[in-house]
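Reader: I usually work at the bench, and I would like to learn how to read a structure like this one. Could you walk me through it?

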Amino acid sequence: MSVTSAPATSRTRWAALGVIATGQLMTVLDGSIVTVAMPAVQNDLGFSPAGLSWVVNAYLIAFGSLLLLAGRLGDLIGRRRVFLAGTAVFVAASLLAGASTTAEMLIAARFLQGVGGAAASAV
């Protein structure tokens, strides 16, 4: 190993750690943000108290059920690909959730966020 390649490898590893940590923060912070926004979501989209629980549960169901599958998919096609695809799905679903005009659209967007979050977190 040459002397010049060691700092580049170290920088690459720190950059990768930063990207992974940011992805994990994004996934975990999403749950807190939704909990804080529940009263506004209920008022704006006309959720019933029972229906409001689906905003959280749609995400958790998708996230929890797809973690193992996403990890295996990362083993088969590459962890980087699955992480990037999961992050892209999560971000696109977040935009869709922010633009939701109906309760059903928000629940579907939250489910997609769970799919993306599982893929990004598992690998």
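Author: Gladly; we will go from the overall fold to a few residues. Please keep in mind that this is a predicted model.

Reader: Let's begin with the fold. How many helices and strands does the chain have?

Author: The secondary structure amounts to 4 helices and 0 strands. Read from the N terminus, the order of elements is α-α-α-α. The radius of gyration is 17 Å, well over the 14 Å that the globule rule gives for 123 residues, so the chain is more spread out than a compact globule. You can set that beside the box filled by the C-alpha atoms, which is roughly 65 × 25 × 20 Å along the principal axes.

Reader: What share of the residues is buried, and what supplies the exposed surface?

Author: A residue is called buried when its relative accessible area is under 20%. Of the 123 residues here, 29% count as buried. The chain exposes about 7,600 Å², and carbon and sulfur atoms supply 71% of that area.

Reader: And the charges? How many positive and negative side chains are there?

Author: There are 7 positive and 4 negative side chains, with the centres of the two sets 23 Å apart.

Reader: How should I read contacts along the sequence?

Author: Look at how far apart the partners are in the sequence. Taking contacts between residues at least 6 apart, 72% join residues at least 24 apart.

Reader: Now some detail, please. How many aromatic pairs does a search of the whole structure find?

Author: The search finds 1 aromatic pair. Tyr59 and Phe63 form it, with 5.7 Å from centre to centre and 15° between the planes, and the pair is stacked. Planes under 30 degrees apart count as stacked, which is why the angle earns that label.

Reader: Where do the two partners sit relative to each other in the helix?

Author: Tyr59 and Phe63 are 4 residues apart in helix H2 (residues 49-77), so about one helical turn separates them.

Reader: Are these partners buried or exposed?

Author: Tyr59 is buried, at a relative accessible area of 7%. Phe63 also counts as buried, at 18% relative accessibility.

Reader: Which residues does Tyr59 contact beyond its neighbours in sequence?

Author: Leaving aside residues within four places in sequence, its contacts are Thr27, Asp30, Phe90, Arg110, Phe111, Gln113 and Gly114. Two of these names are worth following in turn: Thr27 and Gln113.

Reader: Where is Thr27, and what does Thr27 touch?

Author: Thr27 belongs to helix H1 (residues 5-45). Its relative accessibility is 6%, so Thr27 counts as buried. Beyond four places in sequence, Thr27 touches Tyr59, Phe63, Phe90, Gly117 and Ser121. Both members of the aromatic pair are therefore on the contact list of Thr27.

Reader: What about Gln113: buried or exposed?

Author: Gln113 lies in helix H4 and counts as buried, with 3% relative accessibility. Outside four places in sequence, Gln113 touches Asp30, Tyr59, Phe90, Ala93 and Ser94.

Reader: Could you show me a residue for contrast? What is the accessibility of Met105?

Author: Met105 is partly exposed, with a relative accessible area of 28%. Met105 lies in helix H4 (residues 103-122). Setting aside residues up to four places away, Met105 touches Leu96, Ala99 and Ser100.

Note on methods. Residues numbered from 1 in each chain as written. Predicted model: local features only at pLDDT ≥ 70, side-chain atom pairs only at ≥ 80, totals over all residues. Heavy atoms only, no water. Phe/Tyr/Trp six-rings, centres within 6.5 Å; stacked < 30°, edge-to-face > 60°. Helix = DSSP H or I, 4+ residues; strand = E, 2+ residues; numbered from the N terminus. Buried < 20%, exposed > 50% of the residue type's maximum accessible area, 1.4 Å probe, protein only. Rg over C-alpha atoms; globule rule 2.2 N^0.38 Å. Contact = heavy atoms within 4.5 Å. Areas by Shrake-Rupley, 256 points an atom, 1.4 Å probe, with all protein chains shown as cover. Lys, Arg positive; Asp, Glu negative; His and termini not counted. Charge placed at Lys NZ, Arg CZ, Asp CG, Glu CD.
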